[in-house]
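This briefing sets out selected structural features of one protein. The points are grouped by topic and may be read alongside the sequence and coordinates.

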Amino acid sequence: MGPSNMVSLETALSGAIGARIRLQTTLPAQPTMEGTLFTACPITNLVAIATASSPNVPQTHHILPISSIQTFTLISAPPASNGFAFPPNTTPALSNIPTAALLARADAAVARLKEAASRKNKNVGKEAQDLFDGISRTLPTRWDGNSIVVMDSVVISAPYRGEDCRAGNGVPATTLSRVRKVVDNERKRFADRERRAVIPAVPAIPAVHTGPRKGG
């Protein structure tokens, strides 16, 4: 089930309390989670899910914001009873949920995902993206349209060579020289990689002439 169904995700989760479900989330640390849905709170917009690696291992309870859930799959229905009950000795002790801290962690995770997405430019070729990734390993780098901006001081325009670097007003010449050197080194690394990837041609085997067959 997903948020695009006829009912809202919150409503669908509320109806699955006690069921075994699988969640797909936007949280990098836990992109997939499978376990028993303990609760889904419409007030705090949080869900709690109980997981265990094996039947003999105590369950671990995870709390995550509903907004981080992309889809969930119902694996097995909840037990047919008036209320959901955990197996013996597995009921968690109730305590105050630190919703502010949990939401802050979720917001931080979303911010990191957005930051990672902003570093990928779908409008440029692989070589330009590889160059961006290479420069960003040592210098602060961002995209401005299809231009690469380094240290908010130097702009690299297509085709992204050392001579395509332009510095803003007041930027020291040493800064421009440094960026150009990084660009030239990255492009040299690309060229070396391509040369190593070239498979040498296999020489043709010369034909062997044995002359006319005897007796034929």
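**Strand E1 and its partners**

Strand E1 and strand E2 (residues 32–41) pair in the antiparallel sense over 5 bridges. The model discussed here is a predicted one. The points below begin with E1, then turn to Ser68, to helix H3 and to the protein as a whole.

*Pairing of E1*

- E1 and E2 form a hairpin, with 6 residues lying between the two strands.
- Within this pairing, Leu23 has Met33 of E2 as its bridge partner.
- E1 is also joined to E5, by 6 bridges, and these two strands run antiparallel.
- In E5, the residue opposite Arg22 is Thr73.

*The two faces of E1*

- Side chains alternate along E1, which covers residues 20–25.
- One face carries Ile21, Leu23 and Thr25, which are buried.
- Arg20, Arg22 and Gln24 point to the other face and are not buried.
- Leu23, the partner of Met33 in E2, therefore belongs to the buried face, whereas Arg22, which stands opposite Thr73, belongs to the face that is not buried.

*Ser68 in its loop*

- Ser68 is located in the loop between strand E4 (60–65) and strand E5 (69–76).
- Ser68 counts as buried because its relative accessibility is 4%, and the cut-off for that class is under 20%.
- A polar atom of the Ser68 side chain lies 2.7 Å from the backbone oxygen of Pro65.
- When neighbours within four places in sequence are left aside, Ser68 is in contact with Gln24, Thr25, Thr26 and Leu27.
- Among these contacts, Gln24 and Thr25 are residues of E1, and they point to opposite faces of that strand: Thr25 is buried and Gln24 is not.

*Helix H3 and its cover*

- Helix H3 comprises residues 126–136, and its buried residues are Ala128, Gln129, Asp130, Leu131, Phe132, Gly134 and Ile135.
- The elements that cover these buried residues include three strands, E6 (141–144), E7 (147–150) and E8 (154–156).
- Helix H4 (173–197) is also part of the cover over H3.

*The protein as a whole*

- The secondary structure amounts to 4 helices and 9 strands.
- Along the sequence, these elements follow the pattern α-β-β-β-β-β-α-α-β-β-β-β-α.
- The protein has 216 residues, of which 29% count as buried.
- Among contacts with a separation of 6 or more, 44% are between residues 24 or more positions apart.
- The exposed area of the protein is about 14,500 Å², and carbon and sulfur atoms supply 57% of it.

Methods: Residues are numbered from 1 along each chain as its sequence is written. This is a predicted model: local features need pLDDT of at least 70, side-chain atom pairs count only at pLDDT 80 or more; totals for chains, interfaces and linings use all residues. Side-chain values use heavy atoms; hydrogens and water are left out. Buried means under 20% relative accessible area, exposed over 50%, partly exposed in between (1.4 Å probe, protein chains only). Contact means heavy atoms within 4.5 Å. Accessible areas come from the Shrake-Rupley method with a 1.4 Å probe; for residues, only the protein chains shown count as cover. A polar contact is a pair of N or O atoms within 3.5 Å; within protein, one must be able to donate a hydrogen and the other to accept it, and residues adjacent in sequence count only if both atoms are side-chain atoms. Two strands pair if DSSP finds at least two bridges between them.
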